[in-house]
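Got your viewer open? Take this tour one selection at a time, and keep each selection on screen as you go.

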Amino acid sequence: QLITTLSGGFETQVSGAKTNSYSLGASARLVFPRLVSPIEFQNEQNSVPKTHITLSGQLLSRAAYFTMLSGNIEYGYTFKGSPYIEHNFNPLSISYVRTLNTTDSLEKLLIQVPSLRGNYENQFIFSTNYNFVYSDQFKEGKRNNIYFLGSVETAGNLVNAFLKKNDQGQKTLLNTTVNQFVRLEADFRDYYKIKPQLVLAGRANVGYGIPYGNSSVLPYIRQFFAGGSNDIRAFRARSLGPGTYHYEINPDSSRIFADQGGDIKMMLNGELRAKLFSVIHGAAFIDAGNVWTAKTDTSRMGSKFSFGRALNEFAVGGGVGLRVDATIMVVRFDLAMPFRKPWLPKGERWVFDEINFGDPTWRKQNLILNIGIGYPF
């Protein structure tokens, strides 16, 4: 079976500081209805195991700052251990990331935060990855349904063993850096039906990446970000953290660039969902979490992860939402505001006393309207 896919996305902020970005992607996947492998995998009897070869590419344009092109080729297997469990193992995945152009605005940011420069260098990722999925969501008669995704990826070890260092101490292939890292992620979701048409949904998402050897930071396309319509909705997309670091955004500026990625992420979401009438659903939600760097970043003080300080560096926000659920597509409107800002001094991070709906300046700086397709989790 040959599966071809075209995709596109557009992101904009229509209030305060303006930022636009878009992405275009294409992929072709050739799927064999059997395991083409010298290793035997135990597969659930009622499911067909699959081997796939995938070729994909994406063009990403981020406001007036950079344009990035990435390509990937992957060979792997998908098989089911039981009706509830699916395994996806890709022994070979090769990605190439190339920054096509940058602007003066990005260069000014990199002078301010030089540790971000590695995000926009051309790079190779030679990796092996494995995903484990458990889900009983198809059992609609069950009162409590759960979903779990666990993934592990390791990159660069075998290839770097055969490469020599250049004059800058980096191992390169075709004059391009070869990344070296380990990345772990777990995503647990629970859906509890309090009564028909009333569901309490929760999510816990943690990620841990360790750049080492030939890498000082995770590559941009593997970093963790916080903030946005599917994340911590009271904060603008990718603007939160890392840690207590805060990149100052002028809301009156014509453009912003807030991409503040990290190597580590912790996030908790809770949402009460209720059907109001017809296809209109409502929700009340609260989100918490942050991202951090694994190593000290002198240009972003307060960004390094410390287990003892992590909980105290959580951002917290909440709000209400309306969703139009037409079965084939869900259009979502979530209005959120921050309850806790981790970059403020200790003892001043909870900001309930600053809430003032009558103040237009407060509304402009704190009320975030997220418009999305599909449920956040």
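Start by selecting R233 and D334: they form a salt bridge, with their closest N and O atoms 3.1 Å apart. Keep in mind that you're looking at a predicted model. Now color the chain by position and see how this pair links distant parts of it: R233 sits in the loop between β11 and β12, D334 belongs to strand β15, and their positions lie 101 residues apart in the numbering. Are these two buried or exposed? Both R233 and D334 are buried. For R233, the relative accessible area is 0%, and because buried means under 20%, R233 clearly makes the cut.

If you're wondering what makes a pair like this possible, here's the basic idea: side chains of opposite charge can pair when their charged atoms come close.

Next, keep R233 and add E271. Which residue does E271 pair with at 2.8 Å? That partner is R233, and 2.8 Å is the distance between the closest N and O atoms. This pair also links distant parts of the chain, with E271 in strand β12 and R233 in the loop between β11 (198-211) and β12, 38 residues apart. E271 is buried too, with a relative accessible area of 1%.

Stay on E271 and bring in R323. Here's another salt bridge, with the closest N and O atoms 3.0 Å apart. R323 lies in strand β14 and E271 in strand β12, so this pair ties together parts that are 52 residues apart in sequence. Both R323 and E271 are buried.

Time to widen the selection: pick R233, E271, R273, D287, R323, R332 and D334 together. Salt bridges with shared partners join these residues into one network. Across the structure, there are 16 salt bridges.

Now switch to a surface view and select L276, F277, V279, V320, L322, V324, F333, L335, L369 and I371. Together they form a nonpolar patch on the surface, with about 900 Å² of accessible area. Which elements give two or more residues to the patch? They are β12 (264-277), β14 (315-325), β15 (330-340) and β16 (368-373). Color β14 while you're here, as it gives the most to the patch, with three residues.

For your last stop, zoom in on I371, which you'll find in strand β16. I371 is exposed, with a relative accessible area of 56%. Flip back to R233, at 0%, to see a buried residue again.

How values were computed:
Residues are numbered from 1 along each chain as its sequence is written. This is a predicted model: local features need pLDDT of at least 70, side-chain atom pairs count only at pLDDT 80 or more; totals for chains, interfaces and linings use all residues. Side-chain values use heavy atoms; hydrogens and water are left out. Patches are made of residues with over 30% relative accessible area and no salt bridge: like charges are joined within 9 Å, nonpolar side chains (Val, Leu, Ile, Met, Phe, Trp, Tyr) within 5 Å. Accessible areas come from the Shrake-Rupley method with a 1.4 Å probe; for residues, only the protein chains shown count as cover. A salt bridge is a side-chain nitrogen of Lys or Arg within 4 Å of a carboxyl oxygen of Asp or Glu. Helices (H or I, at least four residues) and strands (E, at least two) are DSSP runs, numbered from the N terminus. Buried means under 20% relative accessible area, exposed over 50%, partly exposed in between (1.4 Å probe, protein chains only).
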